[in-house]
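Visitor: I'd like a close look at one part of this protein, please. Pick a helix, show me what it packs against, and work outward from there.

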Amino acid sequence: MDWGTLVATASGAVIAIAGTVLADHLRGRREDDRGHLQRRRDAYIAFIVAAGVCHTRLRQIAQDSAGNGDLDAASRAVLADAGIYDVRERLFIDATATVAGAGQAMFERLRALRHVVATGAGLSSAAFHDAYHPYLDTVWRYRAAVRAELEATALSPMDFGWDSWDGNDRCPLCRSASGDA
């Protein structure tokens with residue numbers, strides 16, 4: 001028996017097994033990273049979709065505020081029914097600090113809008129617009145934070161022909177109130 005051949009064969013087998021184990025480990029790690037990225041992406045989208053549902057429903061309540069009974073209860077129900085609290089928790093668990101912070105700022109502005117709607121402010125009231133435009137600004141800042149994290153091309157208001165994210169430049173009511181109409 002030639003010991004050199006035996007050692008060479010055993011060494012080759014050890015190297016092959018080690019290579020296979022390392023490749024499997026790296027593949028598993030990439031799959032874990034992809035799964036985590038997908039989970040974050042899902043949380044980011046679920047949060048903005050829930051916020052959008054809240055926003056739409058709050059605008060409906062503000063438009064019909066004269067006929068609605070308890071505006072405070074109705075506006076609170078909007079947030080609960082849209083599931084914004086649940087997806088916000090998912091966001092806090094899966095998001096980076098930057099995106100979670102942008103999401104929390106957006107959530108706080110959404111709650112401020114809800115409060116204004118609960119007081120009976122209509123769509124064309126100054127009170128509604130004073131809460132609406134800062135909310136709209138935080139929505140776009142959240143989107144920008146998500147895009148930056150996901151390494152997508154940054155967006156700016158100028159990409160859409162706008163002056164700012166808050167929509168004041170596009171709002172007929174705000175432009176006429178400031179004399180820019």
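Guide: Let's begin away from the centre of the story, with a single side chain. Arg-39 is partly exposed, because its relative accessible area is 42%, and that falls between the 20% and 50% cut-offs. Arg-39 sits in helix H1, which covers residues 3–63. Setting aside neighbours within four places in sequence, Arg-39 is in contact with Arg-90 and Asp-94. Arg-39 and Arg-90 are 51 residues apart along the chain, yet their C-alpha atoms are separated by 9.4 Å. Keep in mind throughout that this is a predicted model.

Arg-90 and Asp-94, the two partners of Arg-39, take us into helix H3, which spans residues 84–94. From H3 we can step over to the part I've picked for you, helix H4, residues 97–118.

A quick word on the setting before we zoom in. The protein chain has six helices and zero strands, so read from the N terminus the order of elements is simply α-α-α-α-α-α. Of its 181 residues, 33% count as buried. Take the contacts between residues at least 6 apart in sequence: 70% of them join residues at least 24 apart.

Now for H4 and its partners. Two packed helices are described by the angle between their axes and the distance between the axes. We'll go through H3, H2 and H5 that way.

Start with H3. Helices H3 and H4 pack at an angle of about 160 degrees, with their axes 9 Å apart. Angles over 145 degrees count as roughly antiparallel, and H3 and H4 are therefore roughly antiparallel to each other. Their crossing is left-handed. On the H3 side, the contact is made by Ile-84, Tyr-85, Arg-88, Leu-91 and Phe-92. H4 answers with Val-99, Ala-100, Gly-103, Gln-104, Phe-107 and Leu-110. Sort the residues of this contact by class and you get eight nonpolar, two polar and one charged.

Next up is H2, residues 71–81. The axes of H2 and H4 come within 8 Å and cross at roughly 155 degrees. H2 and H4 are therefore roughly antiparallel to each other as well. Here, though, the crossing is right-handed. H2 brings Leu-71, Asp-72, Ser-75, Arg-76 and Leu-79 to the contact, while H4 supplies Arg-111, Arg-114, Val-117 and Ala-118. By class, the contact of H2 with H4 has four nonpolar, one polar and four charged residues.

One of those H2 residues deserves a second look. Arg-76 is part of the contact with H4, but its relative accessible area is 47%, so Arg-76 counts as partly exposed. The C-alpha atoms of Arg-76 and Val-117 are separated by 10.0 Å, with their positions 41 residues apart along the chain.

That leaves H5, residues 126–149. The axes of H4 and H5 come within 8 Å and cross at roughly 160 degrees. That makes H4 roughly antiparallel to H5. The crossing of H4 and H5 is left-handed. The residues of this contact divide into 19 nonpolar, three polar and three charged.

H5 itself has 24 residues and reaches 35 Å from its first C-alpha to its last, close to the 34 Å expected at 1.5 Å a residue. Two of its residues are handy landmarks. His-129 belongs to H5 and is buried, because its relative accessible area is 9%, under the 20% cut-off. Leaving out residues up to four places away in sequence, His-129 touches Leu-123, Ser-124, Pro-134, Cys-171, Leu-173 and Cys-174.

Arg-147 is also found in H5, and at 27% relative accessibility it counts as partly exposed. Beyond its neighbours within four places in sequence, Arg-147 is in contact with Ala-152, Thr-153 and Leu-155. Arg-147 also gives us a way back to H4: its C-alpha is separated by 9.6 Å from that of Val-99, 48 residues away along the chain. Val-99 is one of the H4 residues that make the contact with H3. After H5 comes Glu-151, whose phi is positive, near 60 degrees.

Conventions. Residues numbered from 1 in each chain as written. Predicted model: local features only at pLDDT ≥ 70, side-chain atom pairs only at ≥ 80, totals over all residues. Heavy atoms only, no water. Helix = DSSP H or I, 4+ residues; strand = E, 2+ residues; numbered from the N terminus. Expected span 1.5 Å × (residues − 1). Buried < 20%, exposed > 50% of the residue type's maximum accessible area, 1.4 Å probe, protein only. Contact = heavy atoms within 4.5 Å. Axes fitted to C-alpha atoms, helices over the stretch in contact; angles between N-to-C directions. Parallel < 35°, antiparallel > 145°, perpendicular 65-115°, else oblique. Left-handed = near helix turned anticlockwise from the far one by under 90°. Nonpolar A, V, L, I, M, F, W, Y, C, P; charged D, E, K, R; others polar.
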